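Reader: I should be grateful for a close look at a single part of this model, namely any enclosed space and its surroundings. Kindly define each term, with its cut-offs, as it arises.

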Amino acid sequence: MSLCRIVRLEGYIQSTYLAIYPDKIMLLDGGCRADVPMVLDYIKSTLQRPITDLKVVVVTHMHPDHAGGANKYRQKTGCLIVSSDKKHQWYGGIAGHAMHFIDINLAYYVARRQGRSFKNLYYPAGLKPDITVIDGDYVPRFEEWQVLETPGHTDRDLSLFHVPSRQIYTADLIIKLRHKFVAPFPIYDPNVYTQSLTKVKELKPSMVMMAHGRELAIDEATFDGLIAGAPKHPRTIKDTIKHKLLWRKGRNRHVFKQNRR
């Protein structure tokens, strides 16, 4: 019988999940930088345990609400950072650093929409994990948890499957907004994203833990609807800007023709 207890905490703009064992704790994602004091206080005050019991922080991908707190946790607790095995940084190069800046500001936009007060969300654009993992690996020190590669939102998205309970944390693969499920933004590879949804569906999880939403049982019919309605084309900042420019160009051409008549 598993001794794991999974707890969801309300993060700055996302749900944060802790896997709590009698002798160790794992954070299923790095969350925002602003979440670090709250999570550590929960360990100290609510659990009444030393913060050094936090042994592993997983970073499922590099967005501000999933990687933002990782380095701070490592500095304060000595935990290991576990992330995907990728040779290049997600925010590499000049374009990558520009995207890093944009993504932090998108996080601020979400925070404003949620009525959150301003907090510092800056975090390094690069990540140096202590341990890298690939599909099928088990999280070091937490061998009940299997790593699944579920890309599409980015090129390095991870999900974490708790084998004994068949619960799965899917980060941003699925988002629940009020009364409906939606695909995340961005989607860099629609085909791969659909394959990731199918992969999770075929596991028949007992519960899906979402970063934007909460834990919820998702039936096969709902998965089928998500797969059928998944984006067929990339949805990125670059593609959105390109689409708007083309739309405006077409609209201006139409107005020009109308004025000539």
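Author: Helix α4 (residues 93–113) supplies 3 residues to the lining of the second largest cavity, and gives the most to it. The model is predicted: local features require pLDDT of at least 70 and side-chain atom pairs pLDDT 80 or more, whereas totals for chains, interfaces and linings use all residues. Residues are numbered from 1 along each chain as its sequence is written, and side-chain values use heavy atoms, without hydrogens and water. Helices (H or I, at least four residues) and strands (E, at least two) are DSSP runs numbered from the N terminus.

The lining of this second largest cavity consists of H63, M99, D103, L106, F185, P186, Y188 and I237. By class, 6 of these residues are nonpolar, 1 is polar and 1 is charged (Ala, Val, Leu, Ile, Met, Phe, Trp, Tyr, Cys and Pro are nonpolar, Asp, Glu, Lys and Arg charged, the others, Gly among them, polar). The volume is about 40 Å³. On a 1 Å grid over the protein atoms alone, a cavity holds points where a 1.4 Å probe fits but cannot get out, a pocket is an open set with protein on both sides within 12 Å along at least five of seven lines, and lining residues have an atom within 4 Å of a point. Points join across faces, edges and corners, and volume is the space filled by probe spheres set on them.

In total, the structure contains 2 cavities of 30 Å³ or more. The largest cavity encloses about 50 Å³, and Q14, S15, T16, Y17, L28, D29, G31, D65, H66, Y169 and A211 line it. Its lining comprises 4 nonpolar, 5 polar and 2 charged residues. Strand β2 (15–20) and helix α2 (64–67) each contribute at least two residues to that lining, and β2 has the largest share, with 3.

Helix α4 also gives the most to the lining of the largest pocket, with 6 residues. This pocket has a volume of about 1,200 Å³. It is lined by 33 residues, of which V110, Q114, I175, L177 and H212 are the closest to its centre. Two or more lining residues come from each of β1, α2, α4 and β11 (175–177). The classes in the pocket lining are 14 nonpolar, 8 polar and 11 charged.

Strand β2 leads from the largest cavity to the sheet, which is open, has 6 strands in the order β1-β2-β3-β4-β5-β6 and shows mixed pairing (strands pair if DSSP finds at least two bridges between them). Its edge strands, β1 (5–10) and β6 (131–133), each pair on one side only. Strand β3 (residues 25–27) runs parallel to β4 (residues 54–59) over 3 bridges, with M26 opposite V56. Helix α3 (residues 70–77) packs on the sheet, touching β3, β4 and β5 (80–84), at about 165 degrees to β4 (angles run from 0 to 180 degrees between N-to-C directions, with axes fitted to C-alpha atoms, for helices over the stretch in contact).

Within β3 lies L27, which counts as buried because its relative accessibility is 1% (buried is under 20%, exposed over 50%, partly exposed in between, with a 1.4 Å probe and protein chains only). Beyond four places in sequence, L27 touches T16, Y17, L18, V39, L54, V56, V57, V58 and Y73 (heavy atoms within 4.5 Å).
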